[in-house]
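Grab a coffee and open the viewer. Here is a set of short exercises to work through with the coordinates on screen.

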Amino acid sequence: MRILITGAAGFLGSHLCDYLLEHGHYVIGMDNLVTGNPNNIAHLAGNSDFLFIKHDVSNYIFVPSKVDVVMHFASPASPNPDSPFSYPSLPIQTMKAGALGTHNTLGVVKANNARYLLASTSEIYGDPLEHPQKETYWGHADPIGFRSVYDEAKRFAEALTMAYHRFHHLDTRIVRIFNTYGPRMRLDDGRVVPNFILQGLRKEPLTVFGDGSQTRSFCYVSDLIEGIYKHLLSEEHMPVNIGNPQEISILQFAEEINRLTENSKGIIFNIDKRLGDDPQRRQPDITRAKTILKWEPKVGLIEGLSKTIEYFKLELERG
């Protein structure tokens, strides 16, 4: 298939490019490189089955040839306001990627009679009152809160995707991605995994916002990409959670990072800097993925973190 991927130079987008190329597809990668890293796709230069187009998806999208699939992954994704690549630092661009970018990519799908996959997020559930979170849960999100530019952009994107599916009968998919980690995350991304690993490798105390009781469920990137591909090939049009249901507190996670990086500096708590609207619990119910896609994660947390830490070590050595 000829597949257009927006956000192709990002953490997930670049892994998806590799996976699709390995499975015999022709990939057109699109990215404006505001948060994407060109190094993530540098190894694809010269590949006759890969074409890169630098473009902002909030503007009209022209693709030079017919495509069979469009996968919309373009968006800032980090909630940390101290990072220049986060959605608090890029609020308007985030809203445009979710709203205008979804509209424009669906236009490409309609023009090509193609298949569509929208990368949505567990953040649409907000600070959930249901645990674990099923796809049928409507969420508990503040429409004008700290995270709203990302949450509401993705909620709008889902609504628009379903509108095109129901009204124009487009062949659409929606994947709700839970916390994912692995090689190619930006070192200055601002999310908890790179923050903790960098502090651990630099032998600094790990900074935990709040008291560390908030939980997350971390999925290794190779598992996530496999789940996304299975969803693309399925006939399921309703949203599907893809993530690892193994729940861990941020405090336990910090202790594990310190152990793996052999960091003896311990942990410090920043009670006053708990990020606004920070969900207290996050865990996917993956029954739908197991049943429909025959998918569940395989990579354990220690194995995945060890691979990620090795990647970060090499990146630090490169400077």
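What follows is six exercises on a predicted model, each with a worked solution.

**Exercise 1. Check the length of helix H1 (residues 11-22) against the rise per residue.**

Start with the count: H1 has 12 residues. At 1.5 Å a residue, taken over one less than the number of residues, the helix should span 16 Å. Now look at the ends, where the C-alpha atoms are 17 Å apart, so the two values agree.

Next, look at how covered the helix is. In H1, 11 of the 12 residues are buried; among them are Phe-11, His-15, Asp-18 and Tyr-19. Just past the helix, Gly-24 has a positive phi of about 85°.

**Exercise 2. Work out how many disulfides the model has, and where Cys-17 and Cys-219 stand.**

As a reminder, a disulfide is a covalent bond between the sulfur atoms of two cysteines. The cut-off to use is a sulfur pair within 2.5 Å. With that rule, the count is 0 disulfides. Take Cys-17: the nearest cysteine sulfur belongs to Cys-219 and is 19 Å away, and Cys-17 is in no disulfide. Going the other way, Cys-219 has the sulfur of Cys-17 as its nearest, at 19 Å, and is in no disulfide either.

Then check the surroundings. Buried means under 20% relative accessible area. Cys-17 comes out at 0%, so it counts as buried. Cys-219 is buried too, with a relative accessible area of 0%.

**Exercise 3. Describe the largest cavity: its volume, its lining and the helices that supply it.**

Begin with the count: the structure holds 1 cavity of 30 Å³ or more. The volume of the largest cavity is about 40 Å³. Its lining is made up of His-72, Ala-74, Ser-75, Thr-94, Ala-97, Gly-98, Thr-102, Tyr-150, Ala-153 and Lys-154.

Now sort that list by element. Helix H2 (91-112) and helix H3 (148-167) each supply at least two residues, and H2 gives the most, with 4. Sorted by side-chain class, the lining has 4 nonpolar, 5 polar and 1 charged residue.

**Exercise 4. Do the same for the second largest pocket.**

The space in this pocket is about 180 Å³. Lining residues include Ile-124, Trp-138, Arg-155, Glu-158, Met-162 and Arg-176. On the element side, H3 gives the most, with 4 residues. By class, the lining splits into 5 nonpolar, 1 polar and 4 charged.

**Exercise 5. Look at the backbone of Pro-132, His-169 and Glu-262, and say what stands out in each.**

First, the background: most residues other than glycine have a negative phi, and most peptide bonds are trans.

- Pro-132 sits in the loop between strand S5 (115-121) and H3. The bond that joins His-131 to Pro-132 is a cis peptide, with omega about -10°.
- His-169 is in the loop between H3 and strand S6 (171-177). Its phi is positive, near 60°, and it is not a glycine. With a relative accessible area of 67%, His-169 is exposed.
- Glu-262 belongs to the loop between helix H6 (250-260) and strand S13 (267-270). Here phi is about 55°, again positive in a residue that is not a glycine. At 69% relative accessibility, Glu-262 counts as exposed.

**Exercise 6. Place two loop residues, Lys-203 and Asp-189, by exposure and contacts.**

Take Lys-203 to begin with. You'll find it in the loop between helix H4 (192-201) and strand S8 (206-209). Is Lys-203 buried, partly exposed or exposed? Its relative accessible area is 38%, so Lys-203 is partly exposed. Setting aside neighbours within four places in sequence, Lys-203 contacts Thr-261, Glu-262, Asn-263 and Lys-265. For a sense of distance, Lys-203 and Val-109 are 94 residues apart in sequence and 49 Å apart in space, C-alpha to C-alpha.

Now Asp-189, in the loop between strand S7 (180-181) and H4. Its relative accessibility is 7%, so Asp-189 counts as buried. Leaving out neighbours within four places, its contacts are Ser-78, Ser-83 and Pro-194. Finally, Asp-189 and Asn-39 are 150 residues apart along the chain, with 15 Å between their C-alpha atoms.

Key. Residues are numbered from 1 along each chain as its sequence is written. This is a predicted model: local features need pLDDT of at least 70, side-chain atom pairs count only at pLDDT 80 or more; totals for chains, interfaces and linings use all residues. Side-chain values use heavy atoms; hydrogens and water are left out. Buried means under 20% relative accessible area, exposed over 50%, partly exposed in between (1.4 Å probe, protein chains only). On a 1 Å grid over the protein atoms alone, a cavity is a set of points where a 1.4 Å probe fits but cannot get out, and a pocket is an open set with protein on both sides within 12 Å along at least five of seven lines; lining residues have an atom within 4 Å of a point. Grid points are joined across faces, edges and corners, and a volume is the space filled by probe spheres set on the points. Ala, Val, Leu, Ile, Met, Phe, Trp, Tyr, Cys and Pro count as nonpolar, Asp, Glu, Lys and Arg as charged, and the others, Gly among them, as polar. Contact means heavy atoms within 4.5 Å.
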